[in-house]
Amino acid sequence: MINDKQLLRYSRHVLLNDIDVAGQEAIMAARVLVIGAGGLAHPALTYLVSSGAGQITVVDDDCVEISNLQRQFWFRDADIDQPKAHVLCAALQSHNPEVKLKALIQRADETLLNQLLPDMDVVLDCTDNIASRRLINRLCFQHRLPLVSAAALVFAGQLTVYDFRQGHGPCYQCLFADDLDDNGASCAKNGVFSPLLGIMGAAQAGEALKLLAGLHEDGCYLHCFDGRHFQWQRFQLSAVADCPVCG
Ligand SMILES: [Zn+2]
């Protein structure tokens, strides 16, 4: 039940007819897994925490590097060499003491994810490589969890919500089959436009909050953002019949 102080804190959400008290209570009761504590996770977690998403677990085994500071805005110079997940959760906790934040300084491998996923309501993939995204996709499908997946590289962003709650695809593997690789492309190698992470990470938080508040609409779309020319495009996705994950 929402109390008077929470009613004030989250009043701008409660005022929205589509969210109202029931939607805000659902957000406050939610259990969210954020995989990665980098450029997508900073804006995504900022809006999840400020919106009062109840229990958030952040998994990342990296430490802060000086090159992260261009876009991972919760990190300070003094945090270099410290574990990202720990620093990020500590910073966000001071922003909203009501939210239960937990940092896991571990690699998000199959064993760990199988332990965590049964206790989650939604998963945000904020990682930066195809292998991790494929693993997270497969396990979210197996656990029938909605997955909000995003990517950002150079000036290009992608976002898709895979709603596996009904036990069917399409899934990430339908779109990015095993024979398709990223040729080792990465922000470290190719660079990334800093505000692109803000746009894509905030969009991830928005889609996750809509899932939690019951506002997610049917249909699965790949949303592509061209940050160089400021253009959005969306493509409807269909399940691939012989997909090794959801087929
Ligand atoms: Zn699939």
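Q: How many residues sit between β7 and β8 in their hairpin?
A: Four residues lie between the two strands. This is a predicted model, and in it Phe230, within that turn, has a positive phi of about 50°.

Q: In which sense do β7 and β8 pair, and over how many bridges?
A: They pair in the antiparallel sense, over six bridges. Strand β7 covers residues 221–226, and β8 covers 231–236.

Q: Which residues face each other there? Start with Phe225.
A: The bridge partner of Phe225 is Trp232 in β8. Tyr221 stands opposite Gln236, also in β8.

Q: What about β6 and β7, parallel or antiparallel?
A: Antiparallel, with four bridges joining β6 to β7. Leu159 has His223 of β7 as its bridge partner.

Q: What holds strands together in a sheet, generally?
A: Backbone hydrogen bonds pair them, in either a parallel or an antiparallel arrangement.

Q: In what order do the strands of the sheet run?
A: The order is β3-β2-β1-β4-β5-β6-β7-β8, eight strands in an open sheet with mixed pairing.

Q: Which are the edge strands?
A: Those are β3, residues 100–104, and β8; each of them pairs on one side only.

Q: And how far are neighbouring strands turned against each other?
A: On average by 15°, ignoring direction.

Q: Changing topic: which protein donors does the zinc ion have?
A: Four cysteine sulfurs: the SG atoms of Cys171, Cys174, Cys243 and Cys246, which lie 2.3 Å from the zinc ion.

Q: What is the geometry of the site?
A: The zinc site is tetrahedral, and the angles among its four donor atoms are 95 to 122°.

Q: What spacing do the donors follow along the chain?
A: The spacing is C-x2-C-x68-C-x2-C. Cys174 belongs to helix α8 (residues 172–175) while Cys243 is in the segment after β8, so this pair ties together parts that are 69 residues apart in sequence.

Q: Are Cys174 and Cys243 buried or exposed?
A: Both are buried.

Q: Next, cavities. How many of 30 Å³ or more turn up in the whole structure?
A: One. The largest cavity holds about 60 Å³ of space.

Q: Which elements supply at least two residues each to its lining?
A: Strands β5 (147–153) and β6 (156–162), plus helix α8, each supply at least two residues to the lining of the largest cavity. β6 gives the most, four residues.

Q: Which residues line that cavity?
A: The lining of the largest cavity includes Arg133, Ser149, Gln158, Leu159, Tyr162, Tyr172, Phe176 and Leu222. Leu159 in this lining is the residue whose bridge partner in β7 is His223.

Q: What volume does the largest pocket have?
A: About 1,100 Å³.

Q: Which of its lining residues are closest to the centre?
A: Thr127, Asp128, Asn129, Arg133 and Cys187 are the closest, out of 46 residues that line the largest pocket. Arg133 lines the largest cavity too.

Q: Which elements give two or more residues to the pocket lining?
A: Helices α7 (130–142) and α9 (187–190), together with strands β5 and β6. The largest share of the largest pocket's lining comes from α7, with five residues.

Key:
Residues numbered from 1 in each chain as written. Predicted model: local features only at pLDDT ≥ 70, side-chain atom pairs only at ≥ 80, totals over all residues. Heavy atoms only, no water. Donors = N, O, S within 2.8 Å, 3.2 Å for Na, K, Ca; no water. Tetrahedral: all angles 85-135°; square planar, octahedral: opposite > 155°, others 65-115°. Buried < 20%, exposed > 50% of the residue type's maximum accessible area, 1.4 Å probe, protein only. Pairing = 2+ DSSP bridges. Axes fitted to C-alpha atoms, helices over the stretch in contact; angles between N-to-C directions. 1 Å grid on protein atoms, 1.4 Å probe; cavity = no way out; pocket = protein on both sides within 12 Å on 5 of 7 lines; lining within 4 Å. Points joined across faces, edges and corners; volume = space filled by probe spheres on them.
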